[in-house]
Each structure stands twice: as C-alpha cells, then as structure tokens.
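Subject: Two-chain model, handover and findings

Hi,

Here is the structure we talked about handing over. My notes follow below it.

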Amino acid sequence: MSFTSFSFFVLIAVCCAGYYLIPARHRHIFLLALSVVYYIAGGPVFLLYLLFAALTTYFGARVAAKGKKAAVAVPLLLDFGVLAVLKYTPLAVSLLNHLPGADFPIVRFALPLGISFYTFQSAGYLLDVYWGRCEAELSFPRYLLFVAFFPQLMQGPIGRYGSLAPQLREAHAFDIANIRRGLWRIGWGLFKKMVIADNAALYVNRIFDDYASLKSLGIEGVLMYSVQLYMDFSGGIDVALGIAEMIGIHLDENFRQPYFAQTLTDFWHRWHITLGNGMKDYLFYPISLSGWMSRLRKWSRRKLGKEIGRAFPIGVANLIIFFVVGIWHGAEWHFIVYGLYNGLIIAVSGLLTGTFRRWKKSLGITDRTRWFQAFRMLRTFVIVNISWFLDRSGSVRQAFQMFRNSFRGPIFSIHVIDPSSPSYCMSHFLPILAGCAVVLAVSIMKERGTDVLKKVSSLPSWVLAAALIGILIISAVFGNKDVGGFIYANF
Amino acid sequence: MRTFKKLLPFLVGLIAFLCINSLLNFLFVPYQFTRVKIHKIETESFDDLILGSSHGSSAMDPDVISGHTGRSCFNAAAGGQFPCDNYYLLLDAMREHAPGRVILEYDPSYFVIRDGFNRNARYQLHEMAMSGVKARYFLDQFFPGDIRYVLMPWSLYSLEKSAMENNIRRKTSDIYRSYSVEPFIDSAQACGENGFVAIADESSGERSTPELFFSESNSRAVEENRKYFEKILQFLSESGIEAVVVMTPVPDSTRDKNEAFYLKAHEMMTELAGRYGAKYLDFVVPDEGDSFRGMSWDDELFSDGEGHMRVSTARSFSGLLGSLI
C-alpha cells in the first residue's frame, strides 16, 4: 500500500477518526489492527516474518533484562539470519559460483515489506533492554505495535523504544494543532514525492538504464538522482511523520537539510539520521569499546604517533560501519562499494584532520569563513554525488563507466526523456526546477533556524485546506503518475 | 461542537475539492465510445456478447456474425480493455440481461503488459451504473491505485483549451445524452451502434512488427491477466453460459517473428479453455483439423503490425467466425 495510493488515504482518515473516537485504553489495539491491515495489504504471508522478528525479540528482551547474553545473541542471530537468507542469498550464491566447478542457480526471495527497518528497530530494542537503557515491554500487543506501527514501517524513520513506545502507550487528546501540523507535513511530503521526485525519476531511469548510448549525460543523471532520492525519501518520511503527528505522536526526524552539509560526516548526521544514530549506538560504540579495538588503539598510538594513532582506529570502525550501511542498502556489490567509499573518505579525512587544521591556519581560514563554507558545501555535494553513481547504478562497472564518460560530450539535455517532444520534456523538467526552488527556499529558512512548520501551521485552516487542494491538483497536472512506489520501500 | 467548529474549514475544503474536481472531470474527460457500449449492455439484451480488446472490436462485426448465426450480437470489446475490465463488464451486463453466449477475444499481447494508469478502465468505471458490481470493480482495481488516478481522472487527458471546448460542446449536446456514435466516425474508422469499430481499408497505422515475449519481468502481469481470464471462464461455466475463446489472426510477419510467444499463448489457453469446457478457436496457431488451418494472413489485410484488421478483412473474418460458432 503506497503512501500515494487512495487506499492509504482512506487508512489515514480511518486512523485519525478512529483514534480519537475509540476509548483511550483500546487505542493501541486499534493502531495495531490498522498496522496489521496495512502490512497484510503487501502480502499476508509476510506478516509471519514480522511476527517472528517481534516474538523473538519480545521474549529475548524479557530474558535479556536479567543480563543473559544468550538471550540477546539468539534472537539477533535468528532475525538477522532470516534477513540474510531473504536478502543476501543471491550475493552469497554469486560468490560461491566463483569457486571452480560451482554453478548454483541464483534464488531470489520476495522481500517482506520493510524487513530491514523492523529488524533493525527490534534489534535496537533488544540491545537497549540488555544494556539497561529501557525496561522490557510486558505486553506483546504493545510491543508488536512498536515494531509494526504502520506510518514508519515501510521506510522509517527507525524508532527507538525509549522515545516511541511511551508515546504509543499514552492517550493523546484531540488537538487541532496536531491535525494541522500533520496535514501540512503530509502535503509537503506528497509535493516532494509526486511533483519533484517522480518527474526526476523519468530522467534518472532514462539515463541510468541507457547509459551505454547516453554516454556523457552521467552528471545530469546523477544530479537528477540526488534530487529524486532526497525528495522521494524525505517526502515519504514527511508523510510518515505527518500521520503520526495527527494522532499526537512525534516520530524522530530523519533529515536535516543534508545537501547543506560541510563534510561527509556532517552529511551523515543530516541524512537518514535515525539509521546513522542506530549504527552509532549499536555498532560503532560497541566496536570502539571492544577489546580488539582497544589493542588496535594502543598499537596505532605506539606505531603511528599520537595524532594519526588516535584517528586510525576510528577510521577502521567507520569502515566497518559503512560496510554494514552499504550491505544494508542491498545485496549487491555496488552497494557495498558505495558504503566503503563513504567509510574510506570519512576515515581518510579523519587521518588528515591535523594536516587540514595546519593548512587552514597558515592560510588564515576558519570554519566560519563564508567562501570556505560555500566551498566545503559544494565539495561535499560533489563527493556525495559521486557516491550516488554507485548507489543508483546496476553494477560497479556501470558506475565507473558513467563517471568516466561524464566529461566526454554535452553534459545536459532537457529533452533526453523524449527528444521528439520538447513540450513533454518541459512539462516534466519545469516542475522539477520550480519544486526544487521551493524546497531550497524552505531549506534555507530551516537552516537559519526558522521553524517553518510552526509558522505555516499557525496560518488559518482555510489556507491549509486551499494548500492541500492545490498540492493535489498540481501533482495531478504536473506529477509523473507512472512511477508509483518509494525507493526506500525496497529496502 | 467546538471540535466540529475547528474541523469545519477542512470539511468545507473537502467539499470545495469535490466540486472543483467534478468540474475538472466535466471539462477534461472526453466523451468516449465506451459510454455507448456500457449503456447498451446495461439496457439491452443480446444472444451473443463479444468481450475483448481492440483486436476483437475491430475484427468482429456483430451484424455479419448475426447473419450467420441468426442470433443478436453486440461487440463490447475495446482497446485498453484488459481481462479484469472484461470480467466486470460481463458482471455488469449480467445484472439485467444474461447473454446466451460469450465470445471472448483473447489477445495474449495484453497478457504481458504491466498495466499502470489505464484511463480506459477508469472511464469504464465512471460510466458504469451504480451497483454492487461497480463497487467490487472499484475495490478490486482502483482502491489500491494512486490517488490521482482514482480521484482525478481528468489529469489523464489533454488539458488543452481546445480539448476543453470540444468536451463542453459535446457534453452539453444531445449527442452525449442520446449516446450517439456520431463523434466516433471519421475517415480513418467508424464506430457502429453494434460496437464494431470499422477501420477504413485505406488507413495505415504503425507497420513495424511488435516483439512479444513471456519473461520474468512480465510474469506478474501475465499471472494477473490470466487470473481474470480464468475468472471469466469459470463464471461462464458456473452460470451455464456458452463460452467461445477466439484468438484473432495477426499478420503473418508478426506471427513468424513471435512464433514462440504465440505457441506458448496457445498452450496456455488450450489448457484454460479445456478446463472450463470453452470452445477455443486460435487463428494464429490453429489446431490440427481446424478448417481454417493453413490460411494466410497477409500484412496488407491489417491496418498495422499489431493485427488490427481493416474493415473488409474484418467482415470476411466475421463471416468465417459466424460460420464456425
């Protein structure tokens, strides 16, 4: 059930009306029922996988709360085992087939909706309980709701038990301000998705699918992909946050103007924030505090000196984290290289921090120098866009070929999606341009500290109603209706 | 009461949206031949009802078929009409008048298309009279669809001023109210009261030969279309209505280029039709003993490479079909 489908809008309406009409003590059951309906719409069988993950971590946490390590290890092995089999079998088989004489057929399983998200979220809960950050949930229906809460199930944001579960438990009174904020957010998300991302997808699909003949348009393709991916993913998150907002639940933000980032590390603090935070808490810190890392830290300080010796183990941990981020995105080599590319740049920049600091000092530049900030922003944008080649391409080879060919001819063509119909191309290109201008203006305001949502939410309700009607009509006229699903729903 | 007051602007907004949307639908959704066909099947009864795609609508002239069978016949096949749409069209027709026999045109090239926004289906839904069938059709095919497709079908059409003026003129005239076929007759093709679309002998469409194949990428579409085709056959079998499945001829060059595709399509339908006791006439891959086996279908008999027949070919073919059923 896509966020842009009619059925989903009916679900939102039922959710909102039902939530406030049903007695407070039954609301979690109501939300759970809606989440199950939502999940079943994507394939009834897949519900079993979700239940399995929820049951293993629910019972695991009950025991793990008593400090039993095995109660953490077993559910994690089971859940990530299921994820690995479903998602990574083709990669494993293709690796095995490199062995002499091996020729196993590549089996592809249908992936349950949002499996990466709910596996990660439920694993996070289990670890939080084990580490004493939160109490184990006693009620299974309440816990299942935390795992399966429908607005965030498909593509996040990845919720933390400590912040989400109490909100799901609490009975929120009807507040028109929440409805307004939620509706604005949903409208904004749909605008980004239907008007900008789906039109950009036309260019992206055309250029990436036919990269061999459209040799030099790689830069256009990747720029359009950076637009598509951000608008698609953040648009979907806006819708999820908006729905939750309407019933008084505040989900974690997942984006904070990522293309304004000054460094790649900064970018990852602004992009898919909940995944980054999860990786930091559940992987980076445990790795950093592990015994072997401690030994590596001592060794590197002794052999590489104080400055590099301190950055080296962090770089190794970052490489591991981004390897996992890459493989989390998909069981293909280009995703793994995408992750390693990010990890390597962050690791190397960590190693060179001291050198950069000395250069800046000698040139009289500080991090507050305006032109230097602009330079860093542009540099980071370029670095990120190079990574998008790897993310979007079907293979590492394709990514390298596209990148290499990018400078061998004209780099931009509005008419690439249909050279025989300039008006058709303009009808898709102009909405991207205009939409990006609107998003850029809003992003600048947010970056300067303006609470845009608060401002627009305080406008009279009729303005909101008119804006929503406008967004629907604009998306009907200018949106590309053939794209459909969200990119991150595939993860 | 206070809550209601707070929600009032949203309710007014919803009503405003519905009004604006209805106006846009009126302005931009054109009058189409499907309106005539649905009106016919909902208000009249026929001994033989033809269902299918554009191949069926342009190949089977009900008057010629009636001349051979002595039974009344209506052609409800249409371009962009998938097995699912045909299924609900059949149920819609059955509400008032059950046909004695259904001639089901089978175009396997429709089976391999992944169908997204199908404005023909959306228009069919729009034109169907309010009924349980319409509600089922909506829930089955439109409820999970994109909100713009479901709520704002006007966005699927030309939004130019000339199109709007044309639509207003037609929809406010007697032509629209009386379900006239007059707007659907021009030098290239003529849509008749009997549902037949006569493509002029002089008309010439895309001559290139299509490339058709079953593959992993279209397996879901095949499964979906096959499911509804089977539902039609099962429904007819359970209702005691005779079913005849017909694969209309395609140009020889198209058949030769896609031999494997048509063979597989033939196997699939032979099995399906056999299971429900339907008669199956395949003019592309005839069976041993079929009287029409060995017939040649020259490219010039068709208006295009896909296999839409020219009117004179269609009339001879309809005569042949009428004599066989």
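First, a term for the sheet: two strands pair if DSSP finds at least two bridges between them. Helices (H or I, at least four residues) and strands (E, at least two) are DSSP runs, numbered from the N terminus.

This is a predicted model, in which local features need pLDDT of at least 70 and side-chain atom pairs count only at pLDDT 80 or more, while totals for chains, interfaces and linings use all residues. Residues are numbered from 1 along each chain as its sequence is written, with chains lettered from A and ligands numbered from 1 in the order in which they are written.

**Sheet of chain B**

Five bridges join strand S3 (residues 101-105) of chain B to strand S6 (residues 242-247) of chain B. The two strands run parallel. B:Ile103 has B:Val244 as its bridge partner in S6(B).

Both strands belong to an open sheet of five strands, in the order S2-S1-S3-S6-S7 (chain B). The pairing is parallel. Strand S2 (73-75) and strand S7 (279-282) of chain B are the edges, each pairing on one side only. On average, neighbouring strands of this sheet are turned by 15° against each other, direction ignored. For that angle, axes are lines fitted to C-alpha atoms (for helices over the stretch in contact), and angles run from 0 to 180 degrees between N-to-C directions.

In general, strands of a sheet pair through backbone hydrogen bonds, either parallel or antiparallel.

Now strand S1 (residues 48-51) of chain B. S1(B) pairs with S2(B) in the parallel sense over three bridges. There, B:Ile50 stands opposite B:Asn75. S1(B) is also joined to S3(B) by four bridges, again parallel. B:Asp48 has B:Arg101 as its bridge partner in S3(B).

Side chains in a regular strand alternate between the two faces of the sheet. In S1(B), B:Asp48 and B:Ile50 point one way, and B:Leu49 and B:Leu51 the other way. All four are buried. The cut-offs: a residue is buried if 20 or more other C-beta atoms lie within 10 Å of its own, exposed if 12 or fewer, and partly exposed in between, with C-beta atoms placed from the backbone.

**Chain B overall**

Chain B has 15 helices and seven strands. Its radius of gyration is 21 Å, close to the 20 Å that the globule rule gives for 325 residues, so chain B is as compact as a globular protein of that length. The radius is taken over C-alpha atoms, and the rule is 2.2 Å times the number of residues to the power 0.38. The C-alpha atoms fill a box of roughly 80 × 40 × 40 Å along the principal axes. Of the 325 residues in chain B, 38% are buried.

Contacts mean C-beta atoms, placed from the backbone, within 7 Å. In chain B, residues 24 or more positions apart account for 81% of the contacts with a separation of 6 or more.

One residue to locate is B:Ser316, in helix H15 (residues 311-324) of chain B. B:Ser316 is partly exposed, with 14 other C-beta atoms within 10 Å. B:Ser316 and B:Asp85 are 231 residues apart in sequence and 28 Å apart in space, C-alpha to C-alpha.

**Chain A**

Chain A has 21 helices and zero strands. The radius of gyration of chain A is 24 Å, close to the 23 Å from the globule rule for 491 residues, so chain A is as compact as a globular protein of that length. Its C-alpha box is roughly 65 × 65 × 60 Å along the principal axes. Buried residues make up 42% of the 491.

Look at helix H4 (residues 70-96) of chain A. H4(A) has 27 residues, but its end C-alpha atoms are only 31 Å apart, short of the 39 Å of a straight helix. That expected span is 1.5 Å times one less than the number of residues. H4(A) bends by about 70° at A:Tyr88, and A:Pro90 follows within four residues. The bend is the angle between axes fitted to the seven residues ending there and the seven starting there. Among the buried residues of H4(A) are A:Asp79 and A:Lys87. Their cover includes helix H3 (46-64) and helix H5 (115-130) of chain A.

Helix H16 (residues 353-363) of chain A is hardly covered: zero of its 11 residues are buried. A:Gly364 follows H16(A), with a positive phi near 70°.

**Between the chains**

The contact takes 24 residues from chain B and 20 residues from chain A. On the chain B side, helix H1 (2-28) and helix H9 (147-151) are the elements that give two or more residues. H1(B) gives the largest share of that side, nine residues.

Best wishes

How values were computed: Two residues are in contact if their C-beta atoms, placed from the backbone, lie within 7 Å.
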